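Trainee: Got a minute to go through this one with me? I'd like to work through it bit by bit.

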Amino acid sequence: MSADSLPREMLITADFSELRRSVAAARHAGQIIGCVPTMGALHAGHISLMQQAHAECDFVIATLFVNPTQFGPQEDLQKYPRPFEADCDKCRVAGVDLLFHPSVESIYPPGYSTFVEVEGLTTKWEGAVRPTHFRGVTTVVAKLLNLTQPDKAYFGQKDFQQQAIIRRMCRDLDMPTEIVTCPTVRDPDGLALSSRNAYLNVTERASGLSLYRALCLARDKVRTGEKDLAAIRLAMRAEMEQTPGVAVDYATIADPDSLVELNEPQPRMVALVAARVGPTRLIDNRLIP
Ligand code: AMP
């Protein structure tokens with residue numbers, strides 16, 4: 001058994017002062033601080049972020065907060081899974097030094113009235129379907145980065161638009177944290193891991209695989225020389241729409257930084273898809289090539 005696989009000391013706190021003291025001590029000791037923001041219900045995708053943070057930093061903070069401001073009124077805030085004890089164990093094994101799990105009331109106290117909003121990037125794709133979502137994300141991430149003061153913060157490529165928006169926020173607001181984007185972790189058959197996959201029954205899970213098939217199809221078509229991106233988008237959409245129970249929100253090929261839909265192929269592109277499978281919304285993406 002390596003030292004890394006032994007159970008570790010991990011501070012678990014919801015207290016802002018205790019968090020700030022620990023961060024100050026780590027900083028004073030010259031440690032590189034990494035932060036992994038999550039909403040919990042941790043799976044191997046989240047764990048991969050923590051492991052990468054552990055490999056690159058001396059002091060790893062994971063945050064666990066189901067952020068109400070990023071959920072729309074008809075979304076799954078109440079039923080979002082919250083397996084706290086299991087999440088603590090997973091963080092400990094992944095090499096987290098401090099798990100910060102603030103209450104909703106401490107993050108948004110009475111009279112809370114300040115929001116961070118990135119323009120432009122947030123109105124496309126996910127933002128068009130979930131109009132208040134990214135305002136909630138950027139607000140809470142800005143607060144968590146202020147609280148944890150990390151050198152590096154880790155986000156998943158799985159939420160491609162989210163990491164692009166957070167990068168833009170940090171750049172525009174001169175926030176000193178380096179944003180690290182980690183690869184999407186998938187099940188062996190290609191389904192991107194997501195806390196929301198727990199909502200899928202066996203049939204829905206099989207239908208959910210059509211998102212990955214659409215992304216592979218886009219990559220294969222570009223690889224084999226197809227230049228007509230509009231035709232590729234139609235083929236992606238058809239791949240998902242011909243699958244029972246799948247309602248497509250979007251299927252596109254965009255510039256990875258601006259997220260603007262592309263008409264001509266370029267060296268770096270990203271294929272983005274979103275669909276509802278039964279009552280569950282799934283998103284996925286793949287960089288091309
Ligand atoms: P969430 O708890 O859903 O807010 O996700 C927390 C972080 O984990 C975000 O940066 C996500 O992009 C990332 N994440 C979620 N699923 C995956 C995955 N399958 N692979 C890699 N990262 C992921």
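Mentor: Sure, and let's start with a term: a salt bridge is a side-chain nitrogen of Lys or Arg within 4 Å of a carboxyl oxygen of Asp or Glu. Keep in mind that this is a predicted model.

Trainee: How many salt bridges does the count come to by this rule?

Mentor: The idea behind it is simple: side chains of opposite charge can pair when their charged atoms come close. Apply the 4 Å cut-off, and the count comes to 18 salt bridges.

Trainee: Which residue meets Asp89 in a salt bridge?

Mentor: Look in helix 3, residues 84-94. The partner sits about one helical turn from Asp89, because the two are three residues apart in that helix. The N to O distance is 3.1 Å, inside the 4 Å limit, and the partner is Arg92.

Trainee: Into which domains is the protein chain divided, and how far apart are their C-alpha centres?

Mentor: Domain 1 covers 3-182 and domain 2 covers 195-288. The contact between them takes 22 residues from domain 1 and 20 residues from domain 2. As for the C-alpha centres of the two domains, their separation is 26 Å.

Trainee: How much area do domain 1 and domain 2 bury between them?

Mentor: The size of an interface is often given as the accessible area lost when the parts come together. Here 55% of the buried area is on carbon and sulfur atoms. The total for domain 1 and domain 2 is about 1,800 Å².

Trainee: Which three residues supply 37% of the area that domain 1 buries against domain 2?

Mentor: No other three residues supply more of it. One of the three, Glu126, also forms a salt bridge with Arg281, with the closest N and O atoms 2.7 Å apart. The full trio is Trp125, Glu126 and Phe160.

Trainee: How many residue pairs are in polar contact between domain 1 and domain 2, and which element gives the largest share of the domain 1 side?

Mentor: Between the domains there are two salt bridges, and the polar contact count is nine residue pairs. On the domain 1 side, helix 5 (126-129) and helix 7 (160-172) are the elements that give two or more residues. The largest share, four residues, comes from helix 7.

Trainee: Now the ligand. Which residue has a side-chain N or O atom 3.0 Å from a ligand oxygen atom?

Mentor: There are 16 residues around the ligand, and Met39, Gly156, Asp159, Val185 and Leu193 are the closest. Val185 places a backbone N or O atom 2.8 Å from a ligand nitrogen, and a polar backbone atom of Leu193 is 2.9 Å from a ligand nitrogen. The side chain you're asking about belongs to His46.

Trainee: Last one, on backbone oddities: which residue has a positive phi although it is not a glycine, and which peptide bond is cis?

Mentor: The positive phi, about 50 degrees, belongs to Gln149, found in the loop between helix 6 (133-148) and strand 5 (152-156). For the cis bond, look to the segment after strand 9 (280-288), where Pro289 lies. Omega there is near -5 degrees, and the bond runs from Ile288 to Pro289.

Methods. Residues numbered from 1 in each chain as written. Predicted model: local features only at pLDDT ≥ 70, side-chain atom pairs only at ≥ 80, totals over all residues. Heavy atoms only, no water. Domains from an automatic or database assignment. Contact = heavy atoms within 4.5 Å. Buried area = accessible area lost by both parts, 1.4 Å probe. Polar contact = N/O pair within 3.5 Å; in protein donor to acceptor, adjacent residues only side chain to side chain. Near = heavy atom within 4 Å.
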